[in-house]
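Here are some friendly notes to read with the structure open beside you. They start with the chain as a whole and then turn to single residues.

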Amino acid sequence: DNERGILEWCWNSGRTVELRNIDVDADYRRQGVGRALVAELERAVAEQDGVSIYGFTAGDNEAARRFYLALCYQLIYVPEHYGRGRDAYLFQKVLG
């Protein structure tokens with residue numbers, strides 16, 4: 001089995017894509033697999049005239065915040081996004 005990571009996404013209104021989940025197998029983390037998955041998504045979205053990608057990550061997920069910042073995504077703090085005191089960060093990137 002060559003699966004090293006998965007990426008789940010969907011088209012939303014207009015030309016915007018929501019990145020719902022990215023998960024890289026523990027044995028392949030910090031080897032560029034996540035970056036490659038996101039780069040391929042960005043390429044495919046741009047090829048289909050998409051203009052932006054966004055998603056949410058848990059407020060306490062520091063590794064995810066560093067990951068998206070390294071890929072030039074903007075992060076916006078969203079208090080109580082998940083309810084019951086669970087904050088989040090919206091990450092977004094305009095393509096092109």
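Accessible areas here come from the Shrake-Rupley method with a 1.4 Å probe.

1. **Surface.** With that in mind, the chain exposes about 6,400 Å². Carbon and sulfur atoms supply 44% of that exposed area. Please remember throughout that this is a predicted model. As for the interior, 32% of the 96 residues in the chain are buried.

2. **Order of elements.** If you trace the chain on your screen, you should find 2 helices and 5 strands. Starting at the N terminus, their order is β-β-α-β-α-β-β. The radius of gyration is 14 Å, close to the 12 Å that the globule rule gives for 96 residues, so the chain is as compact as a globular protein of that length. The C-alpha trace spans about 35 × 35 × 20 Å along its principal axes.

3. **Contacts along the sequence.** Take the contacts between residues at least 6 apart in sequence: 51% of these join residues at least 24 apart. Point 7 looks at some of the individual contacts.

4. **Charges.** The chain carries 12 positive and 15 negative charges. Compare the mean position of the positive charges with that of the negative ones, and you get a separation of 4 Å.

5. **Cysteines.** How many disulfides does a search of the whole structure find? The count is 0. Two cysteines are worth a look for their surroundings. Cys-10 has a relative accessible area of 18%, and it is buried because the cut-off for that class is under 20%. Cys-72 has a relative accessible area of 62%, so it falls in the exposed class, which begins over 50%. You will find Cys-72 in the loop between α2 (62–70) and β4 (74–78).

6. **Positive phi values.** While you are at Cys-72, check its backbone: phi is near 65°, a positive value in a residue other than glycine. Asp-49 also deserves a look, with phi near 65°, again positive and again in a residue other than glycine. Where does Asp-49 sit? Its place is the loop between α1 (33–47) and β3 (52–58). The relative accessibility of Asp-49 is 51%, so this residue counts as exposed, given a cut-off of over 50%.

7. **Gly-5 and Asp-25.** Gly-5 belongs to strand β1 (residues 5–11). Leaving out residues up to four places away in sequence, Gly-5 touches Asp-23, Val-24, Asp-25, Val-33 and Leu-37. From Gly-5 to Val-38 the C-alpha distance is 11 Å, with their positions 33 residues apart in sequence. Now move to Asp-25, in the loop between β2 (16–24) and α1. With the same neighbours in sequence left aside, meaning those up to four places away, Asp-25 touches Arg-4 and Gly-5. Asp-25 and Glu-3 are 22 residues apart along the chain, and their C-alpha atoms are separated by 8.1 Å. Is Asp-25 buried, exposed or partly exposed? At a relative accessible area of 35%, Asp-25 is partly exposed, because that class lies between the 20% and 50% cut-offs.

8. **Two helix residues.** Glu-47 is found in helix α1, and at 54% relative accessibility this residue counts as exposed. Measuring from C-alpha to C-alpha in the model, Glu-47 and Val-33 are 21 Å apart in space, while they are 14 residues apart in sequence. Ala-64 has its place in helix α2. The relative accessibility of Ala-64 is 12%, so this residue counts as buried, the cut-off being under 20%. Between the C-alpha atoms of Ala-64 and Trp-9 there are 16 Å, for residues 55 apart along the chain.

Methods
Residues numbered from 1 in each chain as written. Predicted model: local features only at pLDDT ≥ 70, side-chain atom pairs only at ≥ 80, totals over all residues. Heavy atoms only, no water. Disulfide = S-S within 2.5 Å. Buried < 20%, exposed > 50% of the residue type's maximum accessible area, 1.4 Å probe, protein only. Helix = DSSP H or I, 4+ residues; strand = E, 2+ residues; numbered from the N terminus. Rg over C-alpha atoms; globule rule 2.2 N^0.38 Å. Contact = heavy atoms within 4.5 Å. Lys, Arg positive; Asp, Glu negative; His and termini not counted. Charge placed at Lys NZ, Arg CZ, Asp CG, Glu CD.
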